[in-house]
Structures are given as structure tokens and as C-alpha cells.
Amino acid sequence: MKSNINIVYTLLLALAFISCSSSDSDSAQAPPSPYTQYGTAFEKMPKKEDAVIYQVNIRAFSSAGTLKGVQERLTQIQELGANVIYLMPVYPVGKIKASGELGSPYAVQDYKAVNPDFGSLQDLQVLVEEAHKKNLAVVLDWVANHTAWDNAWITQHPGWYQKNDKGEIIIPPGTNYTDVAQLDFNNTEMKDAMIDAMSYWVYNANIDGFRCDYADLVPQSFWSDAITKLRSIKKNQTLLMLAEGSKVNHFASGFDYTFGFNFFSTLEKVFKESTPATTIQDSNATEYANNYNPENRIVRYTSNHDVNLSDGTPLDLFGGKKGSIATFVVAAYLKSVPMIYNGQEIGYDKRINYFAKTPIDWSTADAAMLAEYKKIIAFRNTSAALKKGVYTGYSSNAISAFTMVNDTEKVLVLSNLTNNTIKYLVSPVLKATWKDAFSGASVTLGSEITLQPFQYLVLKN
């Protein structure tokens, strides 16, 4: 049975959420809440189709491996063209049964604290403030499915966890994640506490949304409830919600994006197994199957913290610098919201072990590659067709080719994903005079065009 204090606290939280979703008039009283809102609404919050996401591994992003270290490089993120910073988990990491040298960031010891290795709550508040000044939104990684074994919930609320026939708390079913304990989403008290913990960061750090880890394994009803309540907190700002999952019903739950797992795997196979580039448009169709809202978008990438460590860098996976750029163009432009993992934009060629402190050596930056990333992202930021247009595929075995079209603009992308010179037979509907999207030069497409190894063209009219 809960104590009277817990009952009062739960009632207060419920009243806060009910009040937040009531009248939006200026005369409405401030809703009662266990927290006070820090900071002000972010006025330059990107619309969901405008987002360019930059993933920050705090341990690796600076030599110090701190939130202040992230703050010191905000200008570089802004100049890249990104407008959403996604911070990997900021919370204290569990020590019991920990994996690796420092433990996984995804083994959360305390949902309402900042990892002291990273700094303090004040450091996070200042980071968010400074990011907002540069028109950068900040979203936190949220690990809802499981906790560390030394999370206080284990001893205080053992009934909040799934157990085996012997009454022992279990690891996430079907995994080898021995460093974390599986939560029980049939427990209402746990779900309320989870939503309360998420709201803590919206109030206390003024963050702009969440990237939700392992989203497919958490019940949709929880996400729907959580997102509705979280979005009621800020009346003048919409939170961005990213589901690290592929279920189409995440959109119905309120998420803005799902993640392109299948798309990434398909890109890998084009290079590893020489599968035809047409499989990329097949993957796109698979990921958008049963998605009836044309405005929904999937986050696509050529690297993130998981695949960087397990599979390799984009340079390893996609044919070196030229091949990785040619592949990034496809991932960034093909009916997607692009995501960049810290370091890939400078051609960083080392895997980043996020279980340890492995600082990126920014002095190794390839200036030409960085300029290429900036150019690609800059055009996306100005192109309504890429952000919201209708996709049509025209790929061949070697060339990923597609158009993105809206009422005012048509964009054609041709990207040679091989290390060979390729003649591409142009579809009759594409034969026309175009403009190079980057240089503005006139380009006339006849019956065929020759693309050099890993060459890409982005044309518009």
C-alpha cells in the first residue's frame, strides 16, 4: 500500500496534467505541479519536417566528456546545419552488473539526476539555454524499458519489475542485457512514476523532447499516455518525440518519427553483398507500409552509437569518404529526417566505445568532407520538396535515383553507390533541363548519363 505522502504526491501530479490540458486562455491559473518550470518556451522550435538531428555521445564529444564540453562545440553543430541536438543518456549509470569500463549509459541508476561525470543539473540548464540562443533544440535520450540493478526502484518498489517463476527480477526477455532489469508496464504506479520522471526534465531543464530507447518493446498505451501528458506541460511549444523503433503505430501514439533500421541494413547490404540499389527503394516502401499520413517521416542515418561500435564507421561500411557521402545523400534526402552521429561529419575513422571514455580527436577533421556535409544539409534546409514532398523511385542496380516533388519544387537525386563508372539510363519522365542544386549550373538530361565512382548529382527545377 502506498503511504499517504505518495497518495498526495500522485494526486498533485495528476492535477498538474489535467490542468495543463484544460483552458489555454491567458486568464487560466498556472497549473499545480510538483515542479516549477525553468526557463522559457523555445521560440525557434523546428517543425517536425524541418529537423536535422545531431546525436551527441557525451563521453566522446569532448576531451573532458562533460556537458560543458558539449556546450563549447555548439557553434560547430549550428554551422553544420543541424537544429536538434539529441543527447545520449545524461543520467547516473548503474554499477551493479555493469557492462564495459564505465557501464552502459542505457543502464539508468536514477531517472531524476545528472551523471556527476557529466556535470550538474545547472550545467544541463546552461547547455539548453545556450543551445536555444543558437536556434538548437535539445532532446534527451529516455530509457523506459529497463533500469540499472542499483536503481532505487529495485529495493523501494520491487513490484514495478517483471519476475520469473521464482520471483526473481529478470533482464529484458529475449536479450543478453544482463546489466539491466526489466520493468513491468502492467504496473500503474510504475508508469505514473516514469511519466513523472520524464516531466521532471521538461520542467527542470526546459528540454525540447525525447528520443525514446527500445520503443518497440514498450506498450503503445504507455507512450500515448506519456506523450499526451508531456505535451500538455508547454502550452506554447511542441515537444519533438523520436521513437527508436519501427512500429507504424508509434505515430498514432504521438511520436513524430520512427527509426529506419531496415533502411540502414539495406544500405549496408548494397555495399557488403552488392545487392542492387533498387533494394533501397524497396526498403523505403517496407518502412512506410501502412503509414497513411503522408507527412510522417522516418529518421535515417549512416551511423549512430550502436552501429558505429558494432558494425563500423561510415568510412568502413560505405566505401570510404566518397562512398559514405554518396550514401549519406540518399539517407538524408529519401523521404527522411536525417540524423548525424558526432564525428562522422569530419570523416572520423575510429569506432567510439560508448561504454568507456573515448574522446573524438576533432583535430583530425577532413575539411573537404565537412564542407560536403554542410552543403548537403544546407540544401535540405531550404528545400520544401525534400522536407515534405512526394517520393518516386527510379533506381537501377548501381544508382540510387529518386525524385521528391511538391507544388513548387522538384528535386532529382542520382547517387552512384559503386566504385565503378556507370551509365544510367534516364527515364523519359526525367528528360529535361535541370539546375544543379548546389551550383545553379544548367544540366540537361538526355537518354543516359554517366556517373563516376561514388558520384552524386542533386538537380532541381
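**Thr147 and helix H10 in the predicted model**

The side chains of Thr147 and Tyr161 are joined by a polar contact of 2.8 Å. The structure described here is a predicted model. Thr147 belongs to strand S4, which covers residues 146-148. The relative accessible area of Thr147 is 0%, and because buried means under 20%, Thr147 is classed as buried. Once neighbours within four places in sequence are set aside, the residues in contact with Thr147 are Val108, Tyr111, Trp153, Ile154, Tyr161, Asp179, Val180, Ala181 and Leu183. Tyr161 therefore appears both in this list of contacts and as the partner of Thr147 in the polar contact, while buried Thr147 has no relative accessible area above 0%.

An unreviewed UniProt entry lists residues 55-380 under "domain: Glycosyl hydrolase family 13 catalytic". Helix makes up 39% of this span and strand 12%. The C-alpha atoms at the two ends of residues 55-380 are 18 Å apart.

Helix H10 consists of 12 residues, 261-272. At 1.5 Å a residue, H10 should span 16 Å, and this agrees with the model because the end C-alpha atoms of the helix are 16 Å apart. The buried residues of H10 are Phe263, Phe264, Thr266, Leu267, Glu268, Val270 and Phe271. Among the elements that cover these buried residues are four helices, H11 (278-287), H12 (305-310), H13 (314-317) and H14 (320-333), together with strand S9 (297-301). After H10 comes Ser274, which has a positive phi, near 55 degrees.

Conventions:
Residues numbered from 1 in each chain as written. Predicted model: local features only at pLDDT ≥ 70, side-chain atom pairs only at ≥ 80, totals over all residues. Heavy atoms only, no water. UniProt positions renumbered as here; feature names shortened; annotations may be inferred. Expected span 1.5 Å × (residues − 1). Buried < 20%, exposed > 50% of the residue type's maximum accessible area, 1.4 Å probe, protein only. Contact = heavy atoms within 4.5 Å. Polar contact = N/O pair within 3.5 Å; in protein donor to acceptor, adjacent residues only side chain to side chain.
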